[in-house]
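Here are some short exercises on reading a protein structure. Try each task yourself before you look at the worked solution.

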Amino acid sequence: VREVVGHMADAERIFAYRLLRIARGDATPLPGFDENAYQLVAGFEKRTLADVVAELRAIRQSTLPLIRSLDAAALEREGTASGKRATVRGMVWVTAGHFQHHAD
């Protein structure tokens with residue numbers, strides 16, 4: 001369970017970073033990430049579940065104001081992440097959907 005929650009935290013950080021850069025007009029292609037490689041060195045198993053959950057909550061509390069701050073123009077900006085074209089709006093949905101996928 002700690003590894004799943006930790007993965008959710010890692011992914012949310014990366015998704016928020018990507019959508020921030022693209023929303024701000026950064027056209028630099030953003031690389032993908034290997035979630036399995038991250039898990040091998042993350043050390044979530046050494047932490048308490050409460051600590052990992054607290055981290056995820058803090059990240060989510062940072063992501064939500066970022067998303068709410070985006071205007072219509074920012075939501076429509078396009079960029080490349082993991083080798084695929086995406087709009088910021090789409091990335092917001094991916095962020096929410098990934099969270100929901102693991103929360104269910």
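**Exercise 1. A first look at one side chain**

Does tyrosine 38 count as buried, partly exposed or exposed, and what is its relative accessibility?

*Solution.* Keep in mind that this is a predicted model. Tyrosine 38 has a relative accessibility of 36%. Buried would need a value under 20%, and exposed a value over 50%. Tyrosine 38 therefore counts as partly exposed.

**Exercise 2. Rings that meet**

Find the aromatic pairs in the whole structure and classify each by its angle.

*Solution.* Step 1: a search of the whole structure gives two aromatic pairs.

Step 2: take phenylalanine 15 and phenylalanine 33, whose ring centres are 6.5 Å apart, with 70° between the planes. An angle over 60 degrees counts as edge-to-face, and this pair is indeed edge-to-face.

Step 3: place these two residues in the chain. Phenylalanine 15 belongs to helix 1 (residues 2-23), while phenylalanine 33 is in the loop between helix 1 and helix 2 (35-42), so their pairing ties together parts 18 residues apart in sequence. Phenylalanine 15 is buried, at 11% relative accessible area, whereas phenylalanine 33 is partly exposed at 23%.

Step 4: turn to phenylalanine 33 and tyrosine 38. Their ring centres are 5.3 Å apart and their planes are at 50°, so this pair is tilted.

Step 5: put the pairs together. Phe15, Phe33 and Tyr38 are linked into a cluster by ring pairs.

**Exercise 3. Two helices against helix 1**

Describe how helix 1 packs with helix 2 and with helix 5.

*Solution.* Two packed helices are described by the angle between their axes and the distance between those axes.

Step 1: the axes of helix 1 and helix 2 come within 11 Å and cross at roughly 120°. These two helices are therefore oblique to each other, and the crossing is right-handed. Helix 1 contributes Glu3, Gly6, His7, Asp10 and Ile14 to the contact, and helix 2 contributes Glu35, Tyr38 and Gln39.

Step 2: the axes of helix 1 and helix 5 (residues 88-103) come within 9 Å, crossing at roughly 175°. That makes the two helices roughly antiparallel. Among the residues in this contact are His7 and Phe15 of helix 1, together with His98, Phe99 and His102 of helix 5.

**Exercise 4. Following histidine 7**

Which residues does histidine 7 touch, leaving aside its neighbours within four places in sequence?

*Solution.* Step 1: locate histidine 7, which is in helix 1. Its relative accessibility is 7%, so histidine 7 counts as buried.

Step 2: list the contacts, which are Glu35, Gln39, Phe44, His98 and His102.

Step 3: look from the other side at glutamine 39, a residue of helix 2. Glutamine 39 is buried, with 17% relative accessibility. With the same neighbours set aside, glutamine 39 is in contact with Glu3, Gly6, His7 and Phe44.

**Exercise 5. A backbone surprise**

What is unusual about the phi of serine 82, and where does this residue lie?

*Solution.* Step 1: recall that most residues other than glycine have a negative phi.

Step 2: serine 82 is not a glycine, yet its phi is positive, at about 55°.

Step 3: serine 82 is found in the loop between strand 1 (78-81) and strand 2 (84-87). At 36% relative accessibility, serine 82 is partly exposed.

Terms used. Residues are numbered from 1 along each chain as its sequence is written. This is a predicted model: local features need pLDDT of at least 70, side-chain atom pairs count only at pLDDT 80 or more; totals for chains, interfaces and linings use all residues. Side-chain values use heavy atoms; hydrogens and water are left out. Rings of Phe, Tyr and Trp (its six-membered ring) pair if their centres lie within 6.5 Å; planes under 30 degrees apart count as stacked, over 60 as edge-to-face and the rest as tilted. Helices (H or I, at least four residues) and strands (E, at least two) are DSSP runs, numbered from the N terminus. Buried means under 20% relative accessible area, exposed over 50%, partly exposed in between (1.4 Å probe, protein chains only). Axes are lines fitted to C-alpha atoms, for helices over the stretch in contact, and angles run from 0 to 180 degrees between N-to-C directions. Angles under 35 degrees count as roughly parallel, over 145 as roughly antiparallel, 65 to 115 as roughly perpendicular and the rest as oblique. A crossing is left-handed if the near helix is turned anticlockwise from the far one by less than a right angle, and right-handed if clockwise. Contact means heavy atoms within 4.5 Å.
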